[in-house]
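Work through these short exercises with the model open beside you. Try each task before reading its solution.

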Amino acid sequence: PNGVKGDGVLPTARLVGRLSYGRVLSVSRVVAASAAMPEYLTTKERFAAHLASIDINANPYVNGNILESQSTQIVERDKQLKEQGADYSLVEMLYEWLNKHQNQKTGLWTTYDHVDYEGVNGLLKIASVYQRIGKPLPNIDIAAEAALEAIRFEEPQTVCFWLNPWYALSLIFSNAARYYKGTAEEGKIDTLREELYDNYPSLVS
């Protein structure tokens, strides 16, 4: 009560009031752009370190989900880098990294050589990443067989145990149609699809 009477306007409000609308808008855009770009997308080295921090084989579903949620930003940043003449590609780095960590015996992202629900659950998320970054899923016929095996032999504990292998197969079919036309892999996928149709009643019962 004994202080100097003011006008009730905060100092920051006065500062903003002195700025033109265009300057405020420009500052807002810069701040928004900075906030929108995660640090791991700023350089090749930081993105490589980001990937190295992810143990995809230890928990393919959780970490696959993380990469799936990041994939749109990765693709958009990759376009920016290409326009800027960068000598590297974030999409290619992610693609090569995922391929390197796939178990070629199962088509999954687990270190062990048998098929289980956890591995196929991870396949669901990682197959989605391949779709989002516009790349063919490697060992696609083996991955499809793994999903079918989970449908046949895994005892469902929740509805997700039943649903996710089917969803993984739908992503695999889409990827095969897009990237494997006229290949031996496409023929194997077609045969598997026919088997699914023929045995559908027993697989869903």
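Buried means under 20% relative accessible area, exposed over 50%, and partly exposed in between (1.4 Å probe, protein chains only). The model is predicted, so local features need pLDDT of at least 70 and side-chain atom pairs pLDDT 80 or more, while totals for chains, interfaces and linings use all residues. Residues are numbered from 1 along each chain as its sequence is written, and side-chain values use heavy atoms, leaving out hydrogens and water.

**Exercise 1.** Find the salt bridge between Asp190 and Arg193 and place it.

*Solution.* Start with the rule: a side-chain nitrogen of Lys or Arg lies within 4 Å of a carboxyl oxygen of Asp or Glu. Asp190 and Arg193 meet at 2.9 Å, N to O. Next, locate them: both lie in helix H9, 3 residues apart, about one turn of the helix. Helices are DSSP runs (H or I, at least four residues), numbered from the N terminus. Last, check accessibility: Asp190 has 31%, so Asp190 counts as partly exposed.

**Exercise 2.** Is Glu39 buried or exposed? Name its salt-bridge partner.

*Solution.* Glu39 has 54% relative accessibility, so Glu39 is exposed. The partner is Arg46, with the closest N and O atoms 3.6 Å apart. Arg46 is partly exposed at 41%.

**Exercise 3.** Which residues touch the most other members of the largest nonpolar core?

*Solution.* Such a core joins buried Ala, Val, Leu, Ile, Met, Phe, Trp, Tyr and Cys residues through side-chain atoms within 4.5 Å. This core has 49 residues; Phe47, Leu67, Leu94, Leu98 and Leu123 touch the most other members. Helices supplying at least two residues each include H3 (44-52) and H9 (184-204).
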